[in-house]
Amino acid sequence: EVEKIWIKITSLCLTESRITADETIQQLFVECRLNNFLAEETPLSLPKPTGGQRIHYNYSTVINVDKEDNHAEREYLKSILLKPDLPADSLKFTVVSDPPEDEQDLECEDIGIAYVSLKEIFQKQRDIIEQDIDVFDSQDASAVIGKLTVTVEALNALRSVNEECRNY
């Protein structure tokens, strides 16, 4: 029952930036990725929010990290806890521009990236509940283009993995 990471992508708002100004960017969806194992995306792409509005995805997904069936994910979580210098200790959320129906020659384009550090959840012993996290411009990592509201409940799974590490 604890061997799960529960993720919810609640909503997104954008600040004024090249993204809000770009008229080819109209529909947005969000992808969530754990290292290279798993990518989930919101089933809907929603119209780009304007001036202070939020778009609501209310999308939840679960990453199973039980020993029996999800060994690779579990080993990855172990490596996060055991190797303090591992750079990829985060869930990565990518805001993606979905081309409009009549512009099918356009590709889906990553426009923004946000991170939730699993290591930090473990260090602080606190899940992230409905928290606004910064979305950085995919072309300029120093520019914040908006906020993504997410929930990441990973603490129980991380505790369980940590217990296992200690028992070796």
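**Fold, burial and cysteines of a predicted chain**

Visitor: Why might one expect Cys13 to be buried or exposed here? What is its status?
Guide: This is a predicted model. In it, Cys13 has 15% relative accessibility and therefore counts as buried, since the cut-off is under 20%.

Visitor: And Cys165, buried or exposed?
Guide: Cys165 counts as buried because its relative accessibility is 13%.

Visitor: How many disulfides are there, then?
Guide: The count is 0 disulfides.

Visitor: Why does Cys13 have no bond?
Guide: The closest cysteine sulfur to that of Cys13 belongs to Cys32 and lies 18 Å away, which is too far for a bond, because a disulfide requires sulfur atoms within 2.5 Å.

Visitor: Changing topic: how many helices and strands does the chain have?
Guide: The protein chain contains 4 helices and 9 strands. Along the sequence, their order is β-α-β-β-β-β-α-β-β-α-β-β-α.

Visitor: What are the overall dimensions?
Guide: The C-alpha trace spans about 55 × 30 × 25 Å along its principal axes. The radius of gyration is 17 Å, which agrees with the value near 15 Å for a compact globule of 168 residues.

Visitor: What share of the contacts is long in sequence terms?
Guide: Among contacts with a separation of 6 or more, 63% join residues 24 or more positions apart.

Visitor: What about burial and surface?
Guide: Of the 168 residues, 46% count as buried. The chain exposes about 8,900 Å², and carbon and sulfur atoms supply 47% of that area.

Visitor: How many positive and negative side chains are there?
Guide: There are 17 positive and 33 negative side chains, and the centres of the two sets lie 10 Å apart.

Conventions: Residues numbered from 1 in each chain as written. Predicted model: local features only at pLDDT ≥ 70, side-chain atom pairs only at ≥ 80, totals over all residues. Heavy atoms only, no water. Buried < 20%, exposed > 50% of the residue type's maximum accessible area, 1.4 Å probe, protein only. Helix = DSSP H or I, 4+ residues; strand = E, 2+ residues; numbered from the N terminus. Rg over C-alpha atoms; globule rule 2.2 N^0.38 Å. Contact = heavy atoms within 4.5 Å. Areas by Shrake-Rupley, 256 points an atom, 1.4 Å probe, with all protein chains shown as cover. Lys, Arg positive; Asp, Glu negative; His and termini not counted. Charge placed at Lys NZ, Arg CZ, Asp CG, Glu CD.
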